[in-house]
Amino acid sequence: MNRTMDRWLTLRLPLAVMLVFTMFPFYWTINTAFKMDGDIVKRPVEYIPTAPTIDNFVIAWSNVGFATYFKNSLIVGVSTVALVLVLSILSGYALSRYKFKGKRAFMVMLLCTQFIPRAMLIIPLFLIFKNLGLISSPLSLIITYAAVEIPFTTVLMSGFISNVPKELEEAAMIDGCNRIQSLRHVVFPLLVPGIVATGVFTLIYTWNEFLLALMLTNQQSKFTLPVGLSYMMGEFNVNYGALAAGSVIALVPAVLLFIYAQKHLVSGLGGAVKG
Amino acid sequence: MSAPSNVDIARRMQEYEAPKKKRNKINWVPYLMIAPSVFIVVAFLFYPIGTVFYYSLFNYDLSAPYYNGFVGLENFKEVFTADKMFLPSLLVTLKWVVTQVGLQLVFGMAVALLLNQAFKFRGIFRAAAFIPWAISGVLASVMWSLMYNEHMGVINDLLMRIGLISESKAWLSDVSTAFGSVVIAELWRGIPFFAITLLAALQSIPNEMYEAAKVDGAGRRKTFFYITLPQLKNTIILTVLLRTIWEFNNVDLIFNLTGGGPAESTTTLTMYIASLAVHGSNFGYGSALTVISFCILLIFAVVFLKVTKYEKEEAER
């Protein structure tokens with residue numbers, strides 16, 4: 001009797017509260033997205049849409065411009081991931097497999113970047129990219145995001161590479177592989193899960209970043225999803241149905257990626273913070 | 001295909017041993033491997049930070065280039081003597097960071113302890129609890145503004161049903177509720193980060209310690225304060241530090257939910273800088289404010305690590 005009470009108080013009740021708090025905003029956004037314009041402001045509030053519609057999604061996608069925002073986010077995201085992965089595999093490999101002069105300095109430099117306030121970058125980066133003529137170009141975002149992410153992904157990657165036993169590589173070399181071959185056939189296949197996790201973290205970051213994207217973009221046709229959403233929110237007459245639908249469109253990839261990668265999250269992110 | 005000769009193997013092994021003994025033979029491979037990363041980080045993180053200090057000594061207004069030029073410490077003087085926004089925004093920042101980090105730590109710890117227990121479908125509950133971490137500040141703003149809205153918001157409806165309020169409130173545009181409303185929305189997004197890092201740390205505490213405590217007759221409370229908390233100390237210190245810096249600079253939610261209002265009640269220092277920058281006013285002045293906020297964070301970080309004696313304890317233990 002006492003044990004069941006205890007179980008309810010320390011486990012089930014708090015779990016339920018946590019779940020409601022976490023999930024309710026999702027439920028409400030989805031609920032709003034499927035409501036007709038008039039039903040959104042109707043009282044009493046409709047907790048389940050009486051006449052569900054996908055009009056809002058159509059409007060958000062083709063009229064408001066979410067198709068463009070989505071495409072821009074995808075271009076920036078995928079390019080950043082590709083750049084970050086190549087560079088952090090290289091530098092992560094150097095960190096985990098070589099001893100070299102300046103390695104410590106390099107590590108300290110990576111650590112220092114974690115303490116750089118990101119908001120500090122908006123003014124100088126705007127001026128730099130303005131001088132380079134890259135304002136509103138996806139390139140400015142790709143480079144900036146890569147610079148912000150590389151320190152973290154390098155450390156993450158060197159951890160994954162260190163987990164591949166050095167002996168495997170040595171064995172491959174004794175069997176006649178050169179370093180490149182042993183990398184390709186032995187190390188790389190074992191790294192795939194780590195590469196996927198790193199890629200997903202980077203993609204989620206680029207998908208969500210707002211302030212730099214806002215600062216470095218001044219044409220609506222180049223907006224990424226967060227900037228587009230923010231722009232829509234700031235309009236005089238907000239179309240709440242389309243706004244909610246646009247949010248769902250932006251939400252789905254992030255949530256799917258997260259669910260896919262969350263197994264690595266506790267070990268990866270947690271491990272990195274533990275240092 | 002002949003088997004590699006002993007000489008071959010010896011050569012390859014030597015090739016593998018990266019650090020060359022001889023001084024005059026530097027192995028360039030690792031340097032080439034880190035070069036692109038170093039370049040991009042230096043050019044687009046460190047160099048920009050450096051230029052902030054430089055610009056802070058200038059008048060640099062794109063809309064009024066006539067007045068541009070070196071002004072020495074004028075910008076700083078203006079911040080401290082003439083700027084009516086600076087001090088209030090600093091106070092809001094303090095309030096924001098302390099409530100955010102404090103509450104995130106407490107609730108994050110609760111969630112981590114909760115999810116560290118053994119129960120059915122734990123994986124699903126963990127995933128559900130962490131999802132807000134993957135949601136952008138802008139998205140969270142949209143989601144919460146849909147709930148806070150005066151006319152269509154569900155929060156008003158729910159509170160009226162329970163009888164806590166009698167008529168719809170405009171949560172985000174009322175000076176007395178705006179700050180708290182933004183805090184709750186940000187907590188929704190921030191708690192998972194603490195929960196994730198603390199859960200990872202919890203899992204690394206050896207089980208034997210808990211068994212030993214049990215044998216010694218320690219209750220749940222004692223176990224928490226004498227085993228769990230000390231074991232988590234370094235993780236907590238580092239997470240709190242990182243999170244303080246992060247929340248200090250975090251404007252996504254404030255920018256989109258309230259824009260710093262009403263009556264500047266949610267304008268943090270970073271929000272102030274961001275709105276100056278976005279509206280394209282004097283970049284020199286904005287840079288001076290940025291330098292000041294950087295110094296505040298730097299001093300905070302150094303003092304925080306000193307006071308908490310990070311890692312020192314670890315060595316003693």
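1. Two residues are in contact here when they have heavy atoms within 4.5 Å of each other. Keep that in mind as you look at this model, which is predicted. A good place to start is helix 6 of chain A, residues 122-131. What covers its buried residues? Within chain A, the cover includes helix 7 (138-162) and helix 10 (211-216). Chain B takes part too, with helix 2 (29-55), helix 12 (269-278) and helix 13 (283-308) included in the cover.

2. How many residues of this helix are buried? Eight of the ten are, and helix 6 of chain A is mostly covered. You can pick them out in the structure: A:Ile122, A:Ile123, A:Pro124, A:Leu125, A:Phe126, A:Leu127, A:Ile128 and A:Phe129. After the helix comes A:Gly133, which has a positive phi, near 70 degrees.

3. Stay in chain A and find A:Gly194, in helix 9 (residues 179-208). Is A:Gly194 buried or exposed? Its relative accessibility is 6%, and buried means under 20%, so A:Gly194 counts as buried. If neighbours within four places in sequence are left aside, A:Gly194 is in contact with A:Met157 and A:Phe160. You could also look from A:Gly194 to A:Leu257: they are 63 residues apart along the chain, and their C-alpha atoms are separated by 14 Å.

4. Now for a pair of helices in chain B. Helix 6 (residues 137-148) and helix 8 (residues 178-203) of chain B pack with their axes 10 Å apart, at an angle of about 130 degrees. That angle is why helix 6 and helix 8 of chain B are described as oblique to each other. Their crossing is right-handed.

5. Which residues meet at this crossing? From helix 6 of chain B come B:Gly137, B:Ala140, B:Met143, B:Trp144 and B:Tyr148. Helix 8 of chain B brings B:Ser181, B:Ile184, B:Ala185, B:Trp188 and B:Arg189. By type, the residues of this contact are seven nonpolar, two polar and one charged.

6. Helix 13 of chain B, met in point 1, holds B:Ile299. With a relative accessibility of 55%, and exposed meaning over 50%, B:Ile299 counts as exposed. Try locating B:Trp28 as well: B:Ile299 and B:Trp28 are 271 residues apart in sequence, and 38 Å lie between their C-alpha atoms.

7. Finally, step back to chain B as a whole. Chain B is divided into domain 1 (6-55) and domain 2 (84-316). Taken over C-alpha atoms, the centres of domain 1 and domain 2 of chain B are separated by 38 Å.

Conventions: Residues numbered from 1 in each chain as written. Chains lettered and ligands numbered in written order. Predicted model: local features only at pLDDT ≥ 70, side-chain atom pairs only at ≥ 80, totals over all residues. Heavy atoms only, no water. Axes fitted to C-alpha atoms, helices over the stretch in contact; angles between N-to-C directions. Helix = DSSP H or I, 4+ residues; strand = E, 2+ residues; numbered from the N terminus. Parallel < 35°, antiparallel > 145°, perpendicular 65-115°, else oblique. Left-handed = near helix turned anticlockwise from the far one by under 90°. Nonpolar A, V, L, I, M, F, W, Y, C, P; charged D, E, K, R; others polar. Buried < 20%, exposed > 50% of the residue type's maximum accessible area, 1.4 Å probe, protein only. Domains from an automatic or database assignment.
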